[in-house]
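Hello,

Here is the structure I said I would pass on. My notes on it follow below.

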Amino acid sequence: MRLSAVLLLVSTLVGGSVAIKTLVFPSATSTSYVEMVPLKPLNLRAFTLCMRVATELSGEREIILFAYRTQHFDELNVWRELNGSLSFYMSGDGAFFNVPQLGALQTHLCVTWDSASGAAALFMDGRKSLTKIYKKNHTVRPGGKVIIGQDPDNYVGSFEGHQSFVGEIGDISMWDTVLSQSAIREMFSGNTVARGNVLDWQTTELKTHGEVKVVNIEL
Ligand code: CA
Ligand code: CA
């Protein structure tokens, strides 16, 4: 059993509580963002990226959910599109998924991609979307910054308020493999699976800028 699991168990047995941090972006800005420091370079031939997200900006505009940008390219962006669909883009055209709208209640969201097959899928609250074939043989390149809350159009800059994230987002973790469907279902249910080896929400260093609030939520 991992130490974290032991601590969780002990804490539960003695009636204590466990807290997890979450990010609240109260309003649209072009200045508020959080940089997540990865555990290793994002040199990726496959990934699973998960988060919990809630926003009341339904159907009003596009919203950036995750941005990883190197000097010259949007290496990996996840978006809520204007029409409510969810998408991700790796240096060019995107993969789009016509899923139910995000709303005020938290959604557990994961995106998976594998370069060898090009298989791309999205999971909402543990349910898998159809698989799409996207960017077979592509590589996500290292040397960039992971930004939550804004879409950088240059290296950590050129943010636009009308693309900013407004709402609550957290539990952002990333693996350099495609996790199994059962692992993603477990994660949605709140059970700890293997911690992210690229981004680990429990231990990641967060560099906050602007009016974003880091709030601790008791589980
Ligand atoms: Ca932009
Ligand atoms: Ca951009």
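**Strand pairing around β13**

F25 stands opposite G167 in β13. Please keep in mind throughout that this is a predicted model. The pairing between strand β1 (residues 19-25) and β13 is antiparallel and consists of four bridges. Strand β3 (residues 46-54) also pairs with β13 in the antiparallel sense, over six bridges. Within that second pairing, R52 has G170 of β13 as its bridge partner.

How much of β13 is buried? Seven of its nine residues are, so the strand is largely enclosed by the rest of the structure.

**The seven-strand sheet**

There is also an open sheet of seven strands, in the order β7-β6-β5-β4-β12-β2-β14, and its pairing is antiparallel. The edges are formed by β7 and β14; each has a single partner strand, so one side of each is left without a neighbour in the sheet. On average, neighbouring strands here are turned by 15° against each other, direction ignored.

At the β7 edge, β6 and β7 run antiparallel and are joined by four bridges. One residue pair to look at there is S87, which stands opposite F96 in β7.

The loop between β6 (86-89) and β7 (94-97) holds S91. S91 has a positive phi, near 50°, and is a residue other than glycine. For context, most residues other than glycine have a negative phi. S91 is partly exposed, its relative accessible area being 23%.

**The two calcium ions**

Which residues coordinate the calcium ion (ligand 1)? They are D151 (OD), D153 (OD, listed twice), E160 (OE) and Q163 (OE1), at 2.2 to 3.0 Å. Along the chain these donors follow the spacing D-x1-D-x6-E-x2-Q.

The calcium ion (ligand 2) has as its protein donors D74 (OD, listed twice), D151 (OD, listed twice), P152 (O) and D153 (OD), which lie 2.3 to 2.9 Å from the ion. Its site is irregular, with angles of 48 to 153° among the six donor atoms. For comparison, the ideal angles for six octahedral donors are 90 or 180 degrees. The cut-off behind the label is that six donors count as octahedral if opposite donors are over 155 degrees apart and all others between 65 and 115. The upper end of the range for the calcium ion (ligand 2) is 153°, so the criterion of over 155 degrees for opposite donors is not met.

In sequence, the donor residues of the calcium ion (ligand 2) are spaced D-x76-D-P-D. The pair links distant parts of the chain: D74 belongs to strand β5 (residues 74-80), while P152 is in the loop between β12 (145-148) and β13 (167-175), 78 residues apart.

What bridges the two ions? D151 does, and the calcium ion (ligand 1) and the calcium ion (ligand 2) lie 4.4 Å apart.

The coordinating residues can also be sorted by accessibility:

- D151 counts as buried, at 4% relative accessibility.
- P152 is buried, with a relative accessible area of 1%.
- D74 is partly exposed, with a relative accessible area of 22%.
- E160 counts as partly exposed, at 27% relative accessibility.

The cut-off that separates these labels is 20% relative accessible area, buried being under that value. D74, at 22%, is therefore placed in the partly exposed class.

V156 is placed in the loop between β12 and β13. Although V156 is not a glycine, its phi is positive, at about 55°. At 27% relative accessibility, V156 counts as partly exposed.

**G196**

The last item is G196, in the loop between α2 (181-188) and β14 (205-209). Is G196 buried or exposed? It is buried, with a relative accessible area of 6%. Leaving aside neighbours within four places in sequence, G196 is in contact with L39, S173, M174 and W175. G196 and I172 are 24 residues apart in sequence, and their C-alpha atoms are 8.9 Å apart in space.

Regards

Notes:
Residues are numbered from 1 along each chain as its sequence is written. Chains are lettered from A and ligands numbered from 1 in the order in which they are written. This is a predicted model: local features need pLDDT of at least 70, side-chain atom pairs count only at pLDDT 80 or more; totals for chains, interfaces and linings use all residues. Side-chain values use heavy atoms; hydrogens and water are left out. Donors are N, O and S atoms within 2.8 Å of the metal (3.2 Å for Na, K and Ca); water is not among the atoms, so sites may look incomplete. Four donors count as tetrahedral if all angles lie between 85 and 135 degrees; four count as square planar and six as octahedral if opposite donors are over 155 degrees apart and all others between 65 and 115; anything else is irregular. Helices (H or I, at least four residues) and strands (E, at least two) are DSSP runs, numbered from the N terminus. Buried means under 20% relative accessible area, exposed over 50%, partly exposed in between (1.4 Å probe, protein chains only). Two strands pair if DSSP finds at least two bridges between them. Contact means heavy atoms within 4.5 Å. Axes are lines fitted to C-alpha atoms, for helices over the stretch in contact, and angles run from 0 to 180 degrees between N-to-C directions.
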